[in-house]
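Let us take a walk through this structure together, moving from charged pairs to aromatic rings and then out to the surface. Please keep the viewer open as you read.

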Amino acid sequence: MLDNETLDITSDEVKAKNEFEYKAEMKQLLHLIVHSLYTHPEVFLRELISNSSDALNKIRFRRLTDSNILDPDSELKINIDIDEKENTFSITDTGIGMTKEDLIGRIGTIASSGTLEFFKKMEEENKSLDANLIGQFGVGFYSVFMVTDEINIETTYAVPNSKTYLWKSFGEDKFTVEEIENKPRGTKISFKLKDEYKEFAQPWKVKSILKKYSNFVDFPVYVNAEKVNIVSALWHRKKEDIKDEELNDFYTFISNDSTPPMAHLLLNIEGILNFRALIFIPETAPPSLFQDALEKSLQLYSNRIFIQDNCKELIPDYLKFVKGVVDTEELPLNVSREVTQSSPVITKIKNVLVSKILAQLEDWAENAQAKYEKFYNNFGSLLKTGINADFTHKVQLIELLRYETSLRPKGEKVSLKEYVQRMAEGQKEIYYIMGDHRDLIEMNPNLEYFRKNELEVLYLTDPVDVFTIPYIFEYDKKQLKSIEKADIDIKKVNKEEKSSDTSNKGLLDYFKEVLGDKVEDVIESNRLVDSAVTLVVGKQGFDPQVEKMMQYIDKNFTHSKRILEVNTSHNIIRNINSLFIANSNPELVNNAILQLYEGALLLEGKLPSPNEFLKRMNEFIELSTKSKNVGEVS
Ligand code: ADP
């Protein structure tokens with residue numbers, strides 16, 4: 001049980017020392033909890049019950065395969081004892097207990113990185129710090145510090161001959177751990193309530209809060225020796241017999257999310273495969289969708305007995321935002337992690353779950369667009385990763401994609417199906433452009449031609465798109481094509497095709513001479529309307545967004561050379577051409593060419609050194625202001 005990763009101290013130190021300092025980040029978190037958390041203080045009760053229930057689940061599971069445990073026959077239960085006169089509260093379970101190392105390493109550390117930052121940010125932004133949040137970060141135990149200043153934990157771990165330890169907290173700085181007289185297996189957490197929270201020492205109050213959750217706890221819960229719950233597995237009841245309120249409460253109980261879920265699926269599958277499941281799609285996304293440490297997706301039960309929390313084999317990563325339980329009788333009771341990893345039953349259940357969840361999403365996409373949009377804004381990025389990972393459902397997932405486009409107002413998204421239905425006559429490809437956000441994309445000169453000709457272009461603003469687009473490749477036999485690629489086939493849809501003008505050939509060759517190996521090529525542009533030049537991607541090159549991502553992954557990654565497209569009908573280019581033909585000011589021509597090229601780089605955020613660019617720009621300013629003065633004088 002020694003958890004070296006979370007321990008900053010050696011085992012020798014553990015033996016020798018009784019007093020410990022919280023780590024710096026833990027102190028800060030405690031400070032925030034004590035001084036800034038004020039909504040829903042009753043959350044501490046749910047957290048304590050949920051920790052006891054986890055500990056009881058663990059020992060029940062251990063007992064199935066291991067008879068060599070401490071107090072093997074003790075009843076699995078939770079006792080809450082409160083004293084109105086003394087203002088005291090205690091919760092005792094006969095669960096798995098904790099070792100001394102657990103007490104030091106698990107109580108007193110923050111499980112996942114980013115937790116503290118998240119809370120600080122919330123505080124800085126003056127958002128109300130909701131105690132409900134802290135359970136989602138694996139620091140639920142600390143919610144107790146909202147209602148008390150000092151906590152005692154007495155615990156005895158479940159192996160025979162375990163010693164009993166007392167963990168005592170002292171405010172926000174220190175805690176002590178010492179051996180005490182032996183107690184039975186399990187954990188007792190006790191404290192005196194702060195004056196303003198003495199209501200939690202009143203039995204009616206505690207019972208009314210417990211009513212919400214304790215029925216989902218699979219063990220009897222007693223308040224001052226009175227049993228307060230009916231143990232019942234919600235997912236074994238009939239649809240009609242379950243109230244919405246119960247579903248919402250159950251969701252909150254398993255997810256720590258107090259916002260009612262967007263939807264639930266109650267499944268009772270019978271036949272070759274047998275299982276029951278209660279799956280929830282949350283209404284809101286957790287703060288970090290891609291962070292693994294925080295996810296607690298599906299719980300696995302075998303015939304109502306809890307087996308595993310967050311059973312990853314039951315659900316693919318791209319759907320791990322769902323919460324819920326799966327209960328099957330088809331697994332041996334002594335099922336271990338290894339068994340679930342290779343079990344064909346689990347794989348079959350997973351397939352059923354995926355198709356049921358996707359069917360729900362398809363239904364929203366078809367019949368409840370606003371709902372789907374909300375879902376997509378929350379979980380779309382994660383859902384998309386399924387396109388790369390799940391070949392079986394790839395086609396279904398592609399249908400579920402939604403993008404903003406050049407022909408639709410900001411915020412409105414279309415499917416590939418809609419896009420194809422609206423495609424212009426003669427258009428053979430699906431156009432897209434990638435960028436960090438819509439406003440930036442709309443400044444890109446490569447979009448000018450498409451805008452002018454009302455050719456719809458998908459705006460790919462999600463970083464995940466960089467990875468998924470190559471896997472989609474085509475839709476309805478139409479290739480997805482970046483409008484930043486030089487070889488895009490726009491001439492065929494160009495209604496007012498330009499007659500090829502050979503008089504610019506000399507100038508374009510000269511551009512090439514001046515820019516040398518900075519560019520792959522210089523060509524006449526078909527796509528520019530308002531801008532003089534633009535950079536596009538050659539046949540071998542990658543989209544700028546893809547390059548950005550590659551550079552992020554590999555610092556030594558070098559950009560591929562780009563093709564400079566020149567708008568020969570633009571005034572600037574015409575002027576340069578006249579100067580070039582007259583050969584009257586070669587230096588000015590050279591500088592203008594370099595300036596145009598570097599301006600295009602600047603727009604992409606890739607100008608390596610702004611010094612030269614600025615120097616040239618100042619020269620141009622000097623030149624134009626000078627001629628203006630001369631004009632005014634004469
Ligand atoms: P979480 O429960 O999300 O891991 P907590 O801060 O609530 O986060 O608890 C931290 C850890 O302390 C738990 O993971 C568990 O190992 C241990 N713990 C807390 N309460 C108990 C208990 N009653 N019995 C055994 N272990 C417990």
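A good place to begin is with two charged residues away from the surface: Lys384 and Asp462 are both buried. Keep in mind as you look that this is a predicted model. The side chains of these two residues come together in a salt bridge, with 3.1 Å from N to O. Lys384 belongs to helix 11 (residues 369–384), while Asp462 sits in the loop between strand 17 (457–460) and helix 17 (465–472), so the bridge ties together parts that are 78 residues apart in sequence.

Another salt bridge to find is the one between Glu404 and Arg438, at 2.7 Å from N to O. Here the partners are in strand 15 (residues 404–405) for Glu404 and in helix 15 (residues 438–442) for Arg438, so parts that lie 34 residues apart in sequence are tied together. Why does Glu404 count as buried? Its relative accessible area is 17%, and the cut-off for buried is under 20%. Arg438 counts as buried too, because its relative accessibility is 9%.

Now turn to Asp521 and Lys512, whose side chains meet in a salt bridge of 3.3 Å, N to O. Asp521 is partly exposed, at 25% relative accessible area, and Lys512 is partly exposed as well, at 34%. This pair belongs to a network in which salt bridges with shared partners join Lys505, Asp509, Lys512 and Asp521. In total, the structure holds 25 salt bridges.

From charges, let us move to rings. How many aromatic pairs are there? The count comes to 26. One of them is formed by Phe20 and Phe175, whose ring centres are 5.3 Å apart; their planes meet at 20°, so the pair is stacked. This contact links distant parts of the chain, since Phe20 is in strand 1 (residues 19–21) and Phe175 in strand 6 (residues 174–180), 155 residues apart. Both rings belong to buried residues: Phe20 has a relative accessible area of 6%, and Phe175 has one of 3%.

Phe141 and Tyr142 give an edge-to-face pair, with 5.4 Å between the centres and 80° between the planes. Phe141 is buried, at 7% relative accessible area, and so is Tyr142, at 2%. If you follow the ring pairs onward, they link Phe20, Tyr22, Phe141, Tyr142, Phe145, Trp167 and Phe175 into a cluster.

Next, have a look at the backbone. Most residues other than glycine have a negative phi. Asn224, however, has a positive phi of about 45°, and Ala225 has a positive phi near 75°. Asn224 is in the loop between strand 8 (221–223) and strand 9 (226–227), and Ala225 lies in the loop between strand 8 and strand 9 too. Are these residues buried or exposed? Asn224 counts as partly exposed because its relative accessibility is 34%, whereas Ala225 is exposed, at 66%.

Our last stop is a negative surface patch. Which residues form this patch? They are Asp149, Glu150, Asp195 and Glu196. Asp149 can be found in the loop between helix 6 (132–136) and strand 4 (151–156). With a relative accessible area of 48%, Asp149 is partly exposed.

Terms used. Residues are numbered from 1 along each chain as its sequence is written. This is a predicted model: local features need pLDDT of at least 70, side-chain atom pairs count only at pLDDT 80 or more; totals for chains, interfaces and linings use all residues. Side-chain values use heavy atoms; hydrogens and water are left out. Patches are made of residues with over 30% relative accessible area and no salt bridge: like charges are joined within 9 Å, nonpolar side chains (Val, Leu, Ile, Met, Phe, Trp, Tyr) within 5 Å. Accessible areas come from the Shrake-Rupley method with a 1.4 Å probe; for residues, only the protein chains shown count as cover. A salt bridge is a side-chain nitrogen of Lys or Arg within 4 Å of a carboxyl oxygen of Asp or Glu. Lys and Arg count as positive and Asp and Glu as negative; His and the chain ends are not counted. The place of a charge is taken as NZ of Lys, CZ of Arg, CG of Asp or CD of Glu. Helices (H or I, at least four residues) and strands (E, at least two) are DSSP runs, numbered from the N terminus. Buried means under 20% relative accessible area, exposed over 50%, partly exposed in between (1.4 Å probe, protein chains only). Rings of Phe, Tyr and Trp (its six-membered ring) pair if their centres lie within 6.5 Å; planes under 30 degrees apart count as stacked, over 60 as edge-to-face and the rest as tilted.
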